[in-house]
Amino acid sequence: MRRRFTIKLILPVAAICAAVAAYAANVSQTAPNQAKLLSSLSLELKEPWFGGLSAVAVDAKGENVTVLTDRSHLLQGKLLRDDGALTGMQLKAHNQLRNIWGKEMKSGRDFLDSEGLSVTPDGTIYVSFEGFARVSRYETRTAKAEDLPQPRSFRHFGFNKALEGLANDKNGNLYTLPEKAPGEGFPVWRWNGRTWQQPFEVPKSAGYLPVGLDIGPDGRLYLLERKFALVGFKSRLRRWEIDGDAIRNETTLLTTPLGTHGNLEGLSVWQTSTGQLRAAMVSDNNFLSFQKSELVEYQLPR
C-alpha cells in the first residue's frame, strides 16, 4: 500500500513544503540472523541543493534525525511513524556547513565530498570527508568547522576513495575508514580525543566497498557496503564485536538483490524502547532524476 505525506522544511528565513511518498513493506519471515525490511520513505524536495544523501544519524528514541548530503548540507528534523513504520519526515532546519574560516565550502581545499556523519549524545557533530581526507567537528550554532589532526596516512588515500563512514562509541571515540585500500582489509581508524590509531581492519570480500559505519547501542561495529553491477546497486550490512584493538564474530545481516534499493550510503543503528535493534539507511541519488533518495529501516537480529 502506498501513501503520500507532506514534509515541511523550516529554514531560518522561510518555510517550504515538499512531497514525500512512503510505504510500509510487508516482508516474509527471515532467517534468525537476517535483517527484515520494516519501511521505506521516498524523499523529495524541490531545491537545487537537495540530493546526494550520504549519511544519517537517528537519535536514541528513533524520533529525531540528521541527514548529510555529499555537498555539505546538513538537514535536521523529526521522523513521523505509524505503529513504528516510517510515514514521513518533518524537516526543521537546514545548514550549509562552513570551513575552518567560517566561510561556505565551495572548492579547493574544502572539496565538498562530505560522506560520514556522527552526532554525539551532547549534540556535537562530526563529519568525515572523502576529498581532502579529514574529520571535522562542527560548532552547532554557526556550523563552523574545527579540523581534527590529520594522520599522515590520510594523505595517501586515493582521490574520491577516502573517508566514507564515521561512528562514535559510548566512550566518545570516533571510528572511520576509507572506501578503498590496498591489502586484504579496510583499515579502521580510531580517534580517542588526542590521537589517531589504526587498531584493526575489516576484511574485504566479494567486491563490496564500505559506505557507512556505526557503533550500535549494543557496542558492536556495523558496516554498510555497496556493490555496483551494471544497472543498479547491491547492498550488504555486516557487524562485529569490538574486543579492544580487535574485532571478532563477523555476521552478515543483510545482502540485497540488485536494485532492491537505491545507492544506500548512510547508516544509523538505534534501539526501540522494547529492545529491538533497527538500522536506518539513506540512499544517494547522485543528483540524477532516475535515481532515488530514500530512507529505509530494517529490523536487526540481536
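**Entry 1. The cavity**

I began with the enclosed space inside this model and noted that the largest cavity holds about 60 Å³ of space. The model is a predicted one, and I kept that in mind for every entry below. I recorded a count of one cavity of 30 Å³ or more.

I then asked which residues lie nearest the centre of the largest cavity. They are Ala 55, Gly 116, Leu 117, Leu 213 and Leu 267, out of a lining of 15 residues. I noted that strands E4, E8, E12, E16 and E20 each give at least two residues to this lining. By class, I wrote down seven nonpolar, five polar and three charged residues for the lining of the largest cavity.

**Entry 2. The pocket**

Next I turned to the largest pocket, which contains about 870 Å³ of space. I found 38 residues in its lining, with Val 58, Val 119, Pro 121, Asn 168 and Ile 215 nearest its centre. Which elements give two or more residues to this lining? I listed strand E4 (53–58), strand E5 (64–69), strand E8 (114–119), strand E12 (163–168), strand E16 (209–215) and strand E20 (264–271). The largest share, five residues, belongs to E20. I sorted the lining of the largest pocket into 19 nonpolar, 14 polar and five charged residues.

I also set the two linings side by side. E4, E8, E12, E16 and E20 supply residues to the lining of the largest cavity, and these strands are also listed for the largest pocket.

**Entry 3. A nonpolar patch on the surface**

I looked up nonpolar residues at the surface and found a patch of about 370 Å², made by Leu 230, Val 231 and Leu 258. I located Val 231 in the loop between strand E17 (221–229) and strand E18 (232–243). Is Val 231 buried or exposed? I classed Val 231 as exposed because its relative accessible area is 76%, and the cut-off for exposed is over 50%.

**Entry 4. Gly 51 and a distant partner in sequence**

I placed Gly 51 in the loop between strand E3 (36–43) and E4. Its relative accessible area is 0%, so I entered Gly 51 as buried. I then compared sequence with space for Gly 51 and Phe 287. The two are 236 residues apart in sequence, yet their C-alpha atoms are 5.4 Å apart in space.

**Entry 5. Salt bridges**

I counted 14 salt bridges in the model. I examined the bridge between the side chains of Arg 81 and Glu 297, which has an N to O distance of 2.7 Å. This pair links distant parts of the chain: Arg 81 belongs to strand E6 (residues 73–82) and Glu 297 to strand E22 (residues 294–300), with the two positions 216 residues apart. I asked how accessible each partner is. Arg 81 counts as partly exposed because its relative accessibility is 26%, whereas Glu 297, at 1%, counts as buried.

Which residues does Arg 248 meet in salt bridges? I found one bridge to Glu 241, with the closest N and O atoms 3.0 Å apart, and one to Asp 243, at 3.5 Å from N to O. I checked the accessibility of these residues in turn. Arg 248 is partly exposed at 41%, Glu 241 is partly exposed at 27%, and Asp 243 is partly exposed at 46%.

I also recorded a network of salt bridges that links Glu 225, Arg 236, Arg 238 and Glu 250.

**Entry 6. Positive phi angles**

For the last entry I looked at backbone angles. Most residues other than glycine have a negative phi, and I therefore noted the exceptions that follow.

Asp 83 has a positive phi near 55° and is not a glycine. I found Asp 83 in the loop between E6 and strand E7 (85–96). Asp 83 counts as exposed because its relative accessibility is 82%.

Where does Asn 249 lie? I located Asn 249 in strand E19 (residues 246–255). Its phi is also positive, at about 55°, although Asn 249 is not a glycine. I entered Asn 249 as partly exposed because its relative accessible area is 46%, a value that falls between the cut-offs of 20% for buried and 50% for exposed.

Key
Residues are numbered from 1 along each chain as its sequence is written. This is a predicted model: local features need pLDDT of at least 70, side-chain atom pairs count only at pLDDT 80 or more; totals for chains, interfaces and linings use all residues. Side-chain values use heavy atoms; hydrogens and water are left out. On a 1 Å grid over the protein atoms alone, a cavity is a set of points where a 1.4 Å probe fits but cannot get out, and a pocket is an open set with protein on both sides within 12 Å along at least five of seven lines; lining residues have an atom within 4 Å of a point. Grid points are joined across faces, edges and corners, and a volume is the space filled by probe spheres set on the points. Helices (H or I, at least four residues) and strands (E, at least two) are DSSP runs, numbered from the N terminus. Ala, Val, Leu, Ile, Met, Phe, Trp, Tyr, Cys and Pro count as nonpolar, Asp, Glu, Lys and Arg as charged, and the others, Gly among them, as polar. Patches are made of residues with over 30% relative accessible area and no salt bridge: like charges are joined within 9 Å, nonpolar side chains (Val, Leu, Ile, Met, Phe, Trp, Tyr) within 5 Å. Accessible areas come from the Shrake-Rupley method with a 1.4 Å probe; for residues, only the protein chains shown count as cover. A salt bridge is a side-chain nitrogen of Lys or Arg within 4 Å of a carboxyl oxygen of Asp or Glu. Buried means under 20% relative accessible area, exposed over 50%, partly exposed in between (1.4 Å probe, protein chains only).
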